[in-house]
Amino acid sequence: MRAIVVREFGGPDVMKIEDVPPPSAGPGQIVIRIRAIGVNPVDTYIRSGLYARKPSLPYTPHADIAGIVEAVGSGVTKVKAGDRVYAYMVDGGGAELARAEEWQVQRLPDRATFQQGAAIGVPYGTAWRALFLKTRARPGEAVLVHGASGGVGTAAVQLARAHGMRVIGTAGTDEGLRLVREQGAHEVLNHREPDYLTKIPALTNGRGADVILEMMANVNLDRDLDVLASHGRIMVIGNRGRVEIDPRKMMGKDGAILGMTLFNTTREEFLEIHAGLVAGLENGTLNPVIRKEMPLEQAPQAHGAVMEPGAFGKIVLVP
């Protein structure tokens, strides 16, 4: 079968398409014929060798996939051959076939495409964990989503709106702002305007944002503290450098700055997260936004595109 193989850490060009042996299903395992592969910023960090967790070389990148069950190992009861599924946190997803443990696999609702299935794992898992397991966001609270036009951002907007929160999303272009509003944000702000955060008090009856999902902490974190509500929580999801803050801004509000990575999610949390996500896919409150489909051979270009400013929705590879 064809697969992306990385034999050394580096730029996108280290990814090569090679013929490799297909995987087989051992006890409790499932082999999936892949129809779509999600591309996430974290995939680029791992490939570059700069991520905290480095896979052993050589390796096949990408952890979010969707497709059709090809085979199941002994003891598997959740799915059978021929079922439409999506899977998350798998090893070697950038291929024509991939092997997953049973707990990593969920049935893909009929109303969702394979491309949408490949857009669920990292973006929606991150957004769910940030909102409900880390910040404990509640109905009626004001949630500010930075970078709301991206994969995690659109997921967070949809989830927060579906759970009764007041959602304020930011983007940097007219197209991005329109997309954020279409996903359910009550208010949209252009983060290219230097004073955009000063509008937060007026949009929250003077209270400020109860929860802030921060995708670029090195740019925004100190200013986030200015618009944080009393007892508010800032969830750092993304960062690309060091930052200086004034802790007094947080102290006076009994505020909290939290950090997370999806790799720290427990198996039990994953099962909880994806039970909720499947329900949202089934009832139509969650609709992953697909920005672009690219063939497997264009994985290097996809890794470049996912890091470009102003990304809208999800990029997927199609074997």
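Modeller: Let's start with the term itself: on a 1 Å grid over the protein atoms alone, a cavity is a set of points where a 1.4 Å probe fits but cannot get out, and its lining residues have an atom within 4 Å of a point. This is a predicted model, in which local features need pLDDT of at least 70 and side-chain atom pairs count only at pLDDT 80 or more, while totals for chains, interfaces and linings use all residues. Residues are numbered from 1 along each chain as its sequence is written, and side-chain values use heavy atoms, with hydrogens and water left out.

Colleague: Thanks! What makes Ala119 and Lys314 lining residues of the largest cavity?

Modeller: By the definition, each has an atom within 4 Å of a cavity point, so both count. The other lining residues are Pro123, Tyr124, Gly151, Thr154, Pro288 and Val289. The cavity's volume, meaning the space filled by probe spheres set on grid points joined across faces, edges and corners, is about 40 Å³.

Colleague: Which helices each supply at least two residues of that lining?

Modeller: Helix 3 and helix 4 do. Helices here are DSSP runs (H or I, at least four residues), and strands are runs of E of at least two, numbered from the N terminus.

Colleague: How do you know what length to expect for helix 4?

Modeller: The expected span is 1.5 Å times one less than the number of residues. Twelve residues should therefore span 16 Å, and the end C-alpha atoms lie 17 Å apart, which agrees.

Colleague: Why is helix 4 called mostly covered?

Modeller: Buried means under 20% relative accessible area (exposed is over 50%, partly exposed in between, with a 1.4 Å probe and protein chains only). Nine of the twelve residues of helix 4 are buried, among them Val152, Thr154 and Leu159. These buried residues pack against several elements, including helix 3 and helix 9, where contact means heavy atoms within 4.5 Å. Helix 3 is mostly covered too, with 13 of its 14 residues buried.

Colleague: And what makes the second largest pocket a pocket?

Modeller: A pocket is an open set of points with protein on both sides within 12 Å along at least five of seven lines. This one holds about 240 Å³ of space, and strand 6 gives the most to its lining, with three residues.

Colleague: How does that pocket's lining divide by residue type?

Modeller: Ala, Val, Leu, Ile, Met, Phe, Trp, Tyr, Cys and Pro count as nonpolar, Asp, Glu, Lys and Arg as charged, and the others, Gly among them, as polar. On that basis the lining has eight nonpolar, two polar and two charged residues. Asp91 and Arg99 are in the lining, and both count as charged.
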